[in-house]
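User: Hi! Please take a close look at one open space in this model and walk me through what forms it, then connect that part to the rest of the fold.

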Amino acid sequence: MASRPAAAPPSSRTDPYAALRIRDFRLYVIGNFVGTIGMEMVTVAVGWDLYERTGSALALGAVGLAQVLPVFLLTLPAGHVSDRFDRKRLLIAAQILLALSYVGLAVATALPHVVALVYVFLVVAGIARAFQQPAKDALSPQLIPPSLFGNAATWRSTSWQLAAVLGPGAGGLVIGATHHAAPAYALAAGAVLAFALLIAPARSRPYVPVAEEEGMLSTLVGGVRFLRRTKAVLAAITLDMFAVMLGGATMLLPIYAKDILRVGATGLGWLLAAPAVGALVTALIMAHRPPLRHAGRALLVSVAVYGAGTVVFGLSRSFTLSLIVLAVVGAFDMVSVVIRNTLLQVMTPDEFRGRISAVNGLFTGTSNELGGFESGTLAAVAGPVFAVVIGGVGAMVVVGITAVAWPELRKLGQL
């Protein structure tokens, strides 16, 4: 393994920038920021291009299905791999594969009558994401001392949210200026390759990998058993999975931008960026404040507001109101993200990080794509407004069920 990072910086209780003062974590955050901008640009490009070509809500829902299948099938094995092999190298390889899939999407876009090819390259992107997420999540704690896990989780989320603000807006502007999705795909490919280049020189703290004689099945079972014993973590990621799967309206935003709010590709970029604006503001506030004293209650309330805001957005016909509501949704979603990520980092031993990150990625990653497929299918049958509104109501119902089923989460105090 590479050499140990430099001595720990001042405590995050006195220095809100403590984690960022560590060079290797800073490289990681910058790389993740740039790569996420590229991934968010692809989200805009795929949605707009397919809806322009097909005019079908079902075609948008199929985007989620194409990406969720490889994630569903490969995430747990990828977690096993990330606990057995060098996580940084695995992350770099995943970024290279992701870049190749984006180049493929650019080629597919130039063939207007071969829509099926878009889904082929989305599957390839899903394979890359399946290996990227556990490696990326497990690598982060190796770059910093344990005392800064909470501070690092906040800055990771902050950088991601800032990228999620800039990425959709940039994607919308590029498509609006060129009237084509291919340039957005090309820029995205360059962005994820930049992540690979930035993370390459980072040095990580050594950890004890899974023993060679342990098979994949036994190591996966060990990770699942650990998660079942740690009920607060299990409750948090289960809550996130079902709330996002039901309440996420992202996949239907191209329909809202074109047919309901009538704001075009540039407006779509702003709609996609609005939740990240609210999340970014919230993340910056949380980074400069002490940890939440009642984290469990804060998590439940934040997800309930997320669902309620989704309902309001679904009913809105004002572009301004829609942007404001989406920003509020993003702000409260940020609270749940920080709490969940801090829980995972604080309560998971190094040797389990890859597998637990994989399980978390399976829950949270598939929820976005399954939610997109569910929303697209329901919108094709009952209309986009009904699909968004009923999804928001469902997210609020999930909060109530979680609070009753896992009292450990409701009683969770300061992390």
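Analyst: Happy to! A pocket here is an open set of grid points, on a 1 Å grid over the protein atoms alone, with protein on both sides within 12 Å along at least five of seven lines. Please keep in mind that this is a predicted model.

The part I have picked is the second largest pocket, with a volume of about 210 Å³. Its lining is made up of 13 residues, and those closest to its centre are Trp48, Glu52, His179, His180 and Ala181. Helix 1, helix 5 (149–178) and helix 10 (264–287) each supply at least two residues of this lining. The most comes from helix 1, which gives 4 residues to the second largest pocket.

Let's stay with one of those central residues, His179. His179 sits in the loop between helix 5 and helix 6 (182–199). Its backbone is worth a look: phi is positive, about 60°, although His179 is not a glycine. The relative accessible area of His179 is 70%, and because the cut-off for exposed is over 50%, His179 counts as exposed. So this residue is exposed and is also among those closest to the centre of the second largest pocket.

A positive phi turns up again at Arg262, with a value near 55° in a residue other than glycine. Arg262 is placed in the loop between helix 9 and helix 10, and helix 10 is one of the helices that line our pocket. Arg262 has 65% relative accessibility, so it is exposed.

Now follow helix 1 from the pocket into the interior. The largest nonpolar core has 58 residues, and those with the most contacts inside it are Val46, Tyr102, Leu105, Leu122, Tyr185 and Phe313. Helix 1 (residues 23–54) provides the largest share of this core, 10 residues. Helix 1 therefore figures in both places: it gives the most to the lining of the pocket, and it gives the largest share to the core. Tyr185 shows how that core is knit together: leaving out neighbours within four places in sequence, Tyr185 is in contact with Val42, Ala45, Val46, Tyr102, Leu105, Ala106 and Thr109. Another core, of 25 residues, lies apart from the largest one and includes Ala295, Val303, Leu409 and Leu412.

Val303 leads us to an enclosed space. A search of the whole structure gives 4 cavities of 30 Å³ or more, and the second largest cavity holds about 50 Å³ of space. Asp240, Ala243, Val244, Ser302, Val303, Tyr306, Phe332, Asp333 and Ser336 line the second largest cavity. Two or more of its lining residues come from each of helix 8 (231–247), helix 11 (295–315) and helix 12 (319–347). Ser302, in helix 11, is buried because its relative accessibility is 2%, under the 20% cut-off. Not counting residues up to four places away in sequence, Ser302 touches Phe332, Val335 and Ser336.

From helix 12 there is also a path back to helix 10. Gly330 is in helix 12 and is buried, with a relative accessible area of 4%. Beyond residues up to four places away in sequence, Gly330 touches Pro275, Gly278 and Ala279. Gly330 and Ala273 are 57 residues apart in sequence, yet their C-alpha atoms are 9.5 Å apart.

Leu252, in the loop between helix 8 and helix 9 (253–260), is a useful contrast to the exposed loop residues above. Leu252 is buried, with a relative accessible area of 0%. Its C-alpha atom is separated by 6.9 Å from that of Pro384, which is 132 residues away along the chain. Setting aside residues up to four places away, Leu252 touches Ser375, Gly376, Ala379, Pro384, Ala387 and Val388.

Helix 2 makes a nice geometry check. At 1.5 Å a residue, the 28 residues of helix 2 (residues 57–84) should span 40 Å, and the end C-alpha atoms are 41 Å apart, which agrees. Helix 2 does have a kink of about 45° at Leu74, shortly before the proline Pro77.

Finally, the view of the whole chain: it has 15 helices and 0 strands, and buried residues make up 58% of its 415 residues. Of the contacts between residues at least 6 apart in sequence, 87% join residues at least 24 apart.

How values were computed. Residues numbered from 1 in each chain as written. Predicted model: local features only at pLDDT ≥ 70, side-chain atom pairs only at ≥ 80, totals over all residues. Heavy atoms only, no water. Expected span 1.5 Å × (residues − 1). Bend = angle between axes of the 7 residues up to and from the residue. Core = buried A, V, L, I, M, F, W, Y, C linked by side-chain atoms within 4.5 Å. Buried < 20%, exposed > 50% of the residue type's maximum accessible area, 1.4 Å probe, protein only. Contact = heavy atoms within 4.5 Å. 1 Å grid on protein atoms, 1.4 Å probe; cavity = no way out; pocket = protein on both sides within 12 Å on 5 of 7 lines; lining within 4 Å. Points joined across faces, edges and corners; volume = space filled by probe spheres on them.
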